[in-house]
Structures are given as C-alpha cells and as structure tokens.
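This report introduces a protein to a reader who has not met it before. The sequence and the structure come first, followed by a description in short sections.

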Amino acid sequence: MKMLSRVDANVAAEIDRQFPQLKQIRELDSDGGMERLAISVFDHWLDDESEWNLLDCFEGEERVRRNKKFEQHWAALFDLTPVYTLRYRGRWPAKARLVLKRYTDREGFVRQSRFNDYGVPSQFIILPELGCIYAAGWDDTNILYFKNREQAAPILELATKAGLFCLNPNR
C-alpha cells in the first residue's frame with residue numbers, strides 16, 4: 001500500500017488558505033503567528049547543564065520506552081484525523097517546490113515518525129480538521145502549532161494518554 005497519496009487541488013487550496021504560514025513554519029523555524037506548545041517525553045524543560053545528558057539517548061531501554069510513547073501518540077493521531085505532510089518536488093534548490101501529500105498507510109506513517117539517530121526528524125504534519133501543524137524535534141520534544149487551543153485539545157489529550165508531557169515554550 002502507498003504510504004502517501006496526492007492531494008486533490010481543491011483540498012490543497014483549502015489547506016493553503018487555512019495555513020498561510022505553512023512554508024514559514026516549515027522552512028524558517030518560525031511560529032508564523034500561531035500559538036505553540038511542546039509535546040515531550042520530559043516533564044520539564046532541561047535548563048540545567050546537569051540534565052543535558054538526557055538528550056543523548058540513542059539506544060537501549062530508555063530509547064525503546066521513549067519510542068513507544070511517541071509511536072502510540074502518532075498512531076492515535078492517525079486514527080483520529082486525516083494527516084497531511086509537505087514534500088519537496090523538483091530539482092533542489094532552484095526548482096524545488098512544496099507539495100501537499102496525505103498519509104494513507106498507518107504503519108508507514110508511524111514508521112516514518114520514529115526517532116532516527118542518523119539525522120534530524122523530518123516529520124512535519126498538518127492536521128486541518130484540528131487546525132494544527134505538528135513538527136517533530138530531534139530532542140524527543142515536538143512542537144504543536146495551533147490557532148485555537150480548544151480545537152487542539154484532542155491532540156494534547158492523546159499526548160497525555162501516551163505518557164507524554166505538554167510544555168509551554170514561553171515557560
């Protein structure tokens with residue numbers, strides 16, 4: 001089964017209208033004027049240098065435990081609402097353009113969302129029914145962008161059920 005499918009032009013146009021800041025968030029690491037929350041395996045921000053070793057978790061039981069929480073969360077998101085993402089098409093960088101795709105295979109989506117110690121996670125998903133954009137982070141902390149917290153509440157509930165924590169980036 002194909003993991004990603006082409007999105008109808010009308011759906012793509014609607015998502016572009018709903019999230020005019022998509023490219024800004026994806027490429028410029030900006031909030032695009034949206035509110036944001038962090039979803040993390042950590043119950044607090046790792047501000048103290050003595051805690052930075054917690055970021056160096058690439059294998060072993062702790063890695064398995066963290067992966068299980070995120071995989072449960074990603075799978076629940078897929079079951080809850082349609083999940084879209086952006087991919088680049090065309091010769092990089094001159095002719096590359098962003099193309100909207102929809103995840104159609106749950107296992108493929110969860111597999112692609114897993115922690116990858118070979119590079120920065122590339123997971124960047126759009127959840128139009130919930131008014132959210134969700135970007136995976138390299139440090140077991142992901143960022144959820146939203147305009148309406150009430151609309152984003154189901155994502156936060158799923159995170160909590162999976163054993164993850166919601167942290168305010170502004171502290």
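## The nonpolar cores

In this predicted model, the largest nonpolar core holds 30 residues, and those with the most contacts inside it are Ile125, Leu144 and Ile155. Two or more residues of this core come from each of the following elements: strand E2 (35-40), H3, helix H4 (106-113), strand E5 (124-127), E6, E7 and H5.

When its neighbours within four places in sequence are left aside, Ile125 is in contact with Trp74, Leu77, Val83, Tyr84, Tyr103, Phe109, Cys132, Ile133 and Tyr134. Another core lies apart from the largest one and has 18 residues, among them Leu22, Ile133, Ala135 and Ile143.

## The overall fold

The protein has five helices and eight strands, and, read along the sequence, these elements follow the pattern β-α-α-β-α-β-β-α-β-β-β-α-β. Of the 171 residues in the protein, 44% are buried. Among the contacts with a separation of 6 or more, 67% are accounted for by residues 24 or more positions apart.

## The sheet

The eight strands form an open sheet in the order E1-E4-E3-E5-E6-E7-E2-E8, and their pairing is antiparallel. Strand E1 (4-6) and strand E8 (165-167) stand at the edges with a single partner strand each, so that one side of each is left without a neighbour in the sheet. From one strand to the next, the twist averages 35°.

In general, the strands of a sheet pair through backbone hydrogen bonds, in either a parallel or an antiparallel way. Here, strand E6 (residues 132-135) and strand E7 (residues 141-146) run antiparallel and are joined by four bridges. Ala135 has Ile143 in E7 as its bridge partner, and both Ala135 and Ile143 are among the residues of the core of 18 residues.

## The packing of two helices

Two packed helices are described by the angle between their axes and the distance between the axes. For helix H3 (residues 60-80) and helix H5 (residues 149-161), the axes come within 9 Å and cross at roughly 145°, and the crossing in which H3 passes H5 is right-handed.

On the H3 side, the residues that meet H5 are Gln72, His73, Ala76, Leu77 and Leu80, while their counterparts in H5 are Pro154, Ile155, Leu158, Ala159 and Lys161. Sorted by class, this contact of H3 with H5 has seven nonpolar, two polar and one charged residues. Two of the residues named here also appear in the account of the largest core: Leu77 is in contact with Ile125, and Ile155 is one of the residues with the most contacts inside that core.

Conventions: Residues numbered from 1 in each chain as written. Predicted model: local features only at pLDDT ≥ 70, side-chain atom pairs only at ≥ 80, totals over all residues. Heavy atoms only, no water. Pairing = 2+ DSSP bridges. Axes fitted to C-alpha atoms, helices over the stretch in contact; angles between N-to-C directions. Left-handed = near helix turned anticlockwise from the far one by under 90°. Contact = heavy atoms within 4.5 Å. Nonpolar A, V, L, I, M, F, W, Y, C, P; charged D, E, K, R; others polar. Core = buried A, V, L, I, M, F, W, Y, C linked by side-chain atoms within 4.5 Å. Buried < 20%, exposed > 50% of the residue type's maximum accessible area, 1.4 Å probe, protein only.
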